[in-house]
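User: I am new to this structure and would like to look closely at a single part of it. Could you choose one, and walk me through what surrounds it?

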Amino acid sequence: MPDWSYRTVLRPLLEAMGPVLGRDFAIETMAIVARLPGGGLLIDLLGHMRPDPRLRTELLGLELPSPLGLGPGLDVYARALPAWQRFGFGLIEVGHVTVGDKPHRVAAERDDARSVIRLLSPTPGPALAPLVEQLRRDGRPQTPLLIRLGIAPETNAATATHECRTMIGELRPHACGFSLATLRVAMQSAWSPEEWTEHVGIVVRESMPNPVLLCVPADRQFTESSPWIDAALGAGAKGVVCDGASALHAGFELGASAVAASRELVTSLRKHLGAGVPIIASGGVQSPRDALALYDAGADVVQVDDGLVFSGPGLPKRINEAILARRLANSPTTNPPLLRLVDTAWFWSLLIGIALLIGTGIALAIAFTQVVHSYDE
C-alpha cells in the first residue's frame with residue numbers, strides 16, 4: 001500500500017506482467033484481501049487512508065466522507081469495491097455499465113512516456129448481469145456508489161432509453177445515483193432535440209428518487225455540448241460529470257493528456273451553470289496539484305483513476321491532505337495560534353527531526369567519551 005513499496009517493488013512487478021494481467025492481478029488481490037475476515041482492517045493498517053472528518057462534503061443531499069471520488073476507468077469490472085471503500089474516497093463511480101449477461105473483456109495499453117492508459121473497448125465497463133450479482137453478494141457499499149449508464153455506439157434513442165430503464169430497474173437498490181453516459185452517442189448519431197429531451201426525461205423519472213447526472217465528454221467543444229446539457233438539465237438532470245476520457249477509434253484514453261481539456265470544461269461549465277449545479281470532474285489527476293486545479297476551476301468532487309497507476313495508491317490520501325490544508329487555511333478560526341500550529345503536520349515532523357538530531361548528538365557524545373562495551377575499545 002505505501003507509495004515507497006509501490007514505486008520500488010510492486011509497480012515494476014506489475015509492469016512486467018503487462019497492463020491487462022497487471023491490472024487484473026492487482027485488483028483481484030485487493031478484492032480477495034478486502035473480503036477476508038479482518039481484511040478491511042489490514043488495508044486500514046497499511047494505508048491509514050480514512051479521510052479526516054473535516055473533509056465531509058454535501059452533494060445532492062448526500063453526506064460524502066470527502067470531496068474525492070474514484071472514477072470508473074481503473075476497476076473496469078467493479079470487482080474490488082470493498083477495498084476501494086478503504087482508500088479515503090467519498091464517492092465511487094462504476095461503469096459504464098451496458099446491458100448484457102456476460103462480462104466484457106476490456107483490453108488495455110499503457111504509455112508510460114505520456115502517462116496514459118488506453119482502454120481498447122467501446123464500452124469499457126461491466127455488463128449488467130455480472131455487476132448486479134456481485135453487488136448483491138457484497139451488499140450495499142458503505143461509500144456512496146454512482147453508477148454510469150452506457151450504451152453501444154450508434155444506438156438509437158428508443159433502444160438507449162429501453163436499455164437505461166432496464167439497468168436502472170436492476171441497479172437502483174445499490175446506487176445513490178446514476179450518471180448518464182449517452183451524450184457522446186447522441187451527438188455522434190444526430191439524435192433530434194426531441195429524442196434527447198424525451199430520453200433524459202424518461203431516465204430521470206425511472207431513477208427517482210435517485211438523482212441523475214449528465215456525463216459530458218471533455219474532448220468535445222463546450223459550445224457544441226452546451227445545448228444538449230441545457231436540455232438535459234431542463235429535463236430533470238441534477239448535475240454534470242466531466243468525463244476526462246478521450247475517445248479513440250476503438251476505445252478511450254485516460255491520463256495526463258486530458259488535464260487541460262478537463263480543466264477547461266469545468267471552467268466553462270461553472271461559468272455557464274452558476275453555483276447551484278453540482279459538478280463532478282475527472283481527467284488525468286495524477287497529483288494533488290492536478291486535483292486542486294479542478295477544484296479551483298469549479299468542481300465540487302474530483303475523481304481519480306489512472307493516477308493510482310502512475311502515482312501510487314497513496315494518491316487519494318495525499319489529495320485529501322491537500323484539500324484539508326486548503327480548507328483550514330481558508331476557513332476562519334477562533335483557535336489560538338498555538339493550537340493552529342499543533343494542528344499542522346509539518347510541526348510534528350519538525351519535532352521528530354529535532355529529536356533525531358538530539359539523539360544523534362547524545363550518541364556521538366557517548367561514543368567519543370564512554371566505553372559501553374568492551375569491543376568499543
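Analyst: Helices (H or I, at least four residues) and strands (E, at least two) are DSSP runs, numbered from the N terminus. By that count, the protein chain has 15 helices and 14 strands. This is a predicted model, where local features need pLDDT of at least 70 and side-chain atom pairs need 80 or more, while totals for chains, interfaces and linings use all residues. Numbering starts from 1 along each chain as its sequence is written, and side-chain values use heavy atoms, without hydrogens or water.

Let's take the barrel as our part. It is closed and has eight strands, in the order β3-β4-β7-β8-β9-β10-β13-β14, with parallel pairing. From one strand to the next, the twist averages 25°. Strands count as paired if DSSP finds at least two bridges between them, and angles run from 0 to 180 degrees between N-to-C directions, with axes fitted to C-alpha atoms, for helices over the stretch in contact.

A good place to start is strand β4, made of residues 91–97. Seven of its seven residues are buried, a word used for a relative accessible area under 20% (1.4 Å probe, protein chains only). On one hand, β4 runs parallel to strand β3 (residues 68–70), joined to it by two bridges. Leu-70 is found opposite Ile-92 of β4. On the other hand, β4 pairs in the parallel sense with strand β7 (residues 145–150) over four bridges. There, Glu-93 faces Leu-146 of β7 as its opposite residue.

Further along the barrel, strand β10 (residues 239–243) and strand β13 (residues 279–281) run parallel, with three bridges between them. One pairing to find on your screen is Val-240, whose bridge partner in β13 is Ile-279. Helix α10 (residues 259–273) packs on the sheet here, touching β9 (212–217), β10 and β13, and its direction makes about 165° with that of β10. Helix α11 (residues 288–297) also packs on the sheet, touching β3, β13 and β14 (301–304), and its direction makes about 150° with that of β14. Touching, or contact, stands for heavy atoms within 4.5 Å.

Helix α11 deserves a pause. Seven of its 10 residues are buried, so this helix is largely enclosed by the rest of the structure. The buried ones are Pro-288, Asp-290, Ala-291, Leu-292, Leu-294, Tyr-295 and Ala-297. Their cover includes α10 and α13 (315–330), along with β3, β13 and β14. Just after α11 comes Gly-298, with a positive phi of about 130°.

Now for the nonpolar cores: each is a set of buried Ala, Val, Leu, Ile, Met, Phe, Trp, Tyr and Cys residues joined through side-chain atoms within 4.5 Å. The largest has 92 residues, and those touching the most other members are Trp-84, Phe-89, Ile-147, Leu-149, Leu-171 and Trp-196. Helix α6 (residues 157–171) contributes the most to this core, six residues in total. Another core, of 11 residues, lies apart from it, and among its members are Leu-59, Leu-64, Ala-181 and Leu-213. Trp-196 itself, setting aside residues up to four places away in sequence, touches Thr-182, Leu-183, Ala-186, Trp-191, Leu-214, Trp-228, Ala-231 and Ala-232.

Three single residues are also worth finding. Ser-225 sits in helix α9 (residues 222–234) and is buried, at a relative accessible area of 1%. Residues up to four places away aside, Ser-225 touches Met-187, Val-216 and Arg-220.

Tyr-77 belongs to the loop between β3 and α4 (81–84), and Tyr-77 is buried too, at 9%. Tyr-77 and Gly-95 are 18 residues apart in sequence, with 8.0 Å between their C-alpha atoms. Beyond four places in sequence, the contacts of Tyr-77 are Arg-23, Asp-24, His-104, Arg-105, Val-106, Pro-126 and Gln-134.

Glu-253 lies in strand β12 (residues 251–255) and is buried, with a relative accessible area of 9%. Without its neighbours within four places in sequence, its contacts are Arg-114, Val-116, Ile-117, Arg-118, Gly-244, Ala-245, Ser-246 and Leu-248.

Finally, step back to the whole chain. Of its 377 residues, 52% count as buried. Among contacts between residues at least 6 apart in sequence, 75% join residues at least 24 apart. Taken along the principal axes, the C-alpha atoms fill a box of roughly 90 × 50 × 40 Å.

Terms used. Buried means under 20% relative accessible area, exposed over 50%, partly exposed in between (1.4 Å probe, protein chains only).
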